[in-house]
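Visitor: I would like to learn how to read a structure like this one, feature by feature. Could you take me through it, beginning with a single residue and its surroundings?

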Amino acid sequence: MRKELIEKFSAIKTPFYYYDLELLKQTLRAAKTEADKYQYHVHYALKANCDAQVLATVREHGYGADCVSGNEVKCALDNGFANTQVVFAGVGKTDDEINLALDNDIFCFNCESIPELEVINELAAVKNKTANIALRLNPNVDAYTHKYITTGLEENKFGINAHELDDIIDLLKKLLNLRLIGLHFHIGSQITDFNPFKKLCSKVNEFIHLFEQKGIQFEHINVGGGLGINYKEPDTQAIPDFKTYFAIFNELLELRKGQQLHFELGRALVANCGSLISRVIYVKKGINTNFAILDAGMTELIRPALYQAYHKIENLSSDDKRNVQRYDVVGPVCESSDCFGKAVYLPETKRGHMIAIRSAGAYGEVMASNYNLREKAIGVY
Ligand code: LLP
């Protein structure tokens, strides 16, 4: 992270999120260039980060919006995303959320169960509307990522399983206020091995074929998100390998003529542009280690506590490589899991030093809580 930022940061109350909008733009351009090669549509997954500046930057680069709650749908629309570019997913859409999306004529509902299809149909009928829907299918592909962010296995709550398809096809004939326009998949998040995406492609091909045999063709196929980032090397590998990622789908998916392919990327677009900036309150001697106690905690960034996630930690105030020491870098919250990293080697770290926790632009600020009645960390650009 650039040292000249320290001066800029010195007047700002820590902890706060810093977003490098220049890196964000480079990342968005890189992904868009690769997706445009094949005329693919990319919807940004708002759940990763809803900061207004981040959203404005994403929208200006021509992305649609992937939402998982009524408030996210509202947030996307309020921030200028076109209603025709909004998709709405989630296993538990409430009536109010569905009504909001119907009133705004969003592009598509990604539906995950029979009762959900019935409710959307009923609510659309009241409004005399026809809702575009895609079926979210569970492809039973292991993403080999953390168990809490794996979604495409039969044991997960997400998606419709293959054995229900005949019932659903019969039912859809009766649900006259629904228009089936596509299939939707999402196998998990922080996927850094490309093989699960390759497996997903062959499953999608099988499903396209299966539906064709039943006389159903789709205009749209949505393969979700999940492309991971390199948390270890946020500077040397700041931008994910979008080229290989999109090329895999181009090579392996057997799309039919006119069929459009959609993606829902979150983390890969925004994670590396964000850092949580904090100050050391105390350095405390432990039995086997020293604790660097920060003014940021799991309330600002819960990923290490929740998923044992690694985030690179840097001391912005010192780069004295001759005097490196080992620290457990922890927050002030009354939980032992409030720890950003164990046995982290940093230049000798002192009270008042500024610490950056890197790659926190995705699932950072949006997952914050006010546990211990802590204040919300602001975004800085
Ligand atoms: N589409 C659907 C249906 C999703 O459930 C998700 C993420 C995405 C797209 C975007 O996935 P991405 O491209 O960002 O991997 N809080 C966790 C991640 C949860 C992901 C939830 N779904 C974390 O901090 O790692």
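Guide: Let us begin with Ile191, which has a relative accessible area of 1% and is therefore buried, since the cut-off for that word is under 20%. Please keep in mind throughout that this is a predicted model.

Visitor: In which part of the chain is Ile191 placed, and which residues does Ile191 contact once its neighbours within four places in sequence are left aside?

Guide: Ile191 sits in the loop between β7 (178–184) and α8 (195–213). Leaving aside neighbours within four places in sequence, its contacts are Ala143, Pro196, Phe197, Gly226, Leu227 and Gly228. For Gly226, the separation from Ile191 is 35 residues in sequence, while the C-alpha to C-alpha distance is 5.7 Å.

Visitor: How should I read a loop residue that is exposed, and what does Arg351 touch?

Guide: Arg351 has 59% relative accessibility and so counts as exposed, the cut-off being over 50%. Arg351 is placed in the loop between β14 (339–347) and β15, and, not counting residues up to four places away in sequence, Arg351 touches Val280, Ile281, Tyr282 and Val283. The C-alpha atoms of Arg351 and Tyr282 are 5.1 Å apart in space, although the two residues are 69 apart in sequence.

Visitor: What share of the contacts in the protein chain joins residues at least 24 apart?

Guide: If one takes the contacts between residues at least 6 apart in sequence, 72% of them join residues at least 24 apart.

Visitor: Let us turn to aromatic rings. How is a pair of rings described?

Guide: A pair of aromatic rings is described by the distance of the centres and the angle of the planes. In this model the count comes to 17 aromatic pairs. In one of them, Phe9 and Phe16, the ring centres are 5.1 Å apart and the planes stand at 75 degrees, so this pair is edge-to-face. Phe9 is buried, with a relative accessible area of 0%, and Phe16 is likewise buried, its relative accessible area being 0%. The pair formed by Tyr245 and Phe249 is also edge-to-face, because the ring centres are 5.2 Å apart and the planes are at 75 degrees.

Visitor: Where do Tyr245 and Phe249 lie, and are they buried or exposed?

Guide: Both lie in helix α9 (residues 242–252), where they are four residues apart, about one turn of the helix, and both Tyr245 and Phe249 are buried. For Tyr245 the relative accessible area is 0%. Outside the four places on either side in sequence, the contacts of Tyr245 are Phe194, Phe197, Gly224, Gly225, Leu227, Phe263 and Leu265. The C-alpha atoms of Tyr245 and Ala31 are separated by 9.6 Å, with their positions 214 residues apart along the chain.

Visitor: Which residues form one aromatic cluster with Tyr245?

Guide: The cluster consists of Tyr38, Tyr40, Phe197, Tyr245, Phe246, Phe249 and Phe263. Phe197, one of its members, is also among the contacts of Ile191, the residue with which we began.

Visitor: Now the backbone. Which residues does a cis peptide bond join, and what is the value of omega?

Guide: The cis peptide bond joins Thr14 and Pro15, with omega at about -5 degrees. Pro15 lies in the loop between α1 (4–9) and β1 (16–19).

Visitor: What should I note about phi at Ser359 and at Leu373?

Guide: For Ser359, phi is near 55 degrees, which is a positive value in a residue other than glycine, and for Leu373 phi is again near 55 degrees, also positive in a residue that is not glycine. Ser359 is in the loop between β15 (354–357) and β16 (379–380), and Leu373 is likewise found in the loop between β15 and β16. Their surroundings can be read from accessibility: Ser359 is buried, with a relative accessible area of 1%, whereas Leu373 is exposed, with a relative accessible area of 75%.

Visitor: How many helices and strands does the protein chain have, and what is its radius of gyration?

Guide: The secondary structure comes to eleven helices and 16 strands. The radius of gyration is 22 Å, which agrees with the value near 21 Å for a compact globule of 381 residues. Along its principal axes the C-alpha trace spans about 70 × 40 × 40 Å, and 55% of the 381 residues count as buried.

Terms used:
Residues are numbered from 1 along each chain as its sequence is written. This is a predicted model: local features need pLDDT of at least 70, side-chain atom pairs count only at pLDDT 80 or more; totals for chains, interfaces and linings use all residues. Side-chain values use heavy atoms; hydrogens and water are left out. Helices (H or I, at least four residues) and strands (E, at least two) are DSSP runs, numbered from the N terminus. The radius of gyration is taken over C-alpha atoms; the globule rule is 2.2 Å times the number of residues to the power 0.38. Buried means under 20% relative accessible area, exposed over 50%, partly exposed in between (1.4 Å probe, protein chains only). Contact means heavy atoms within 4.5 Å. Rings of Phe, Tyr and Trp (its six-membered ring) pair if their centres lie within 6.5 Å; planes under 30 degrees apart count as stacked, over 60 as edge-to-face and the rest as tilted.
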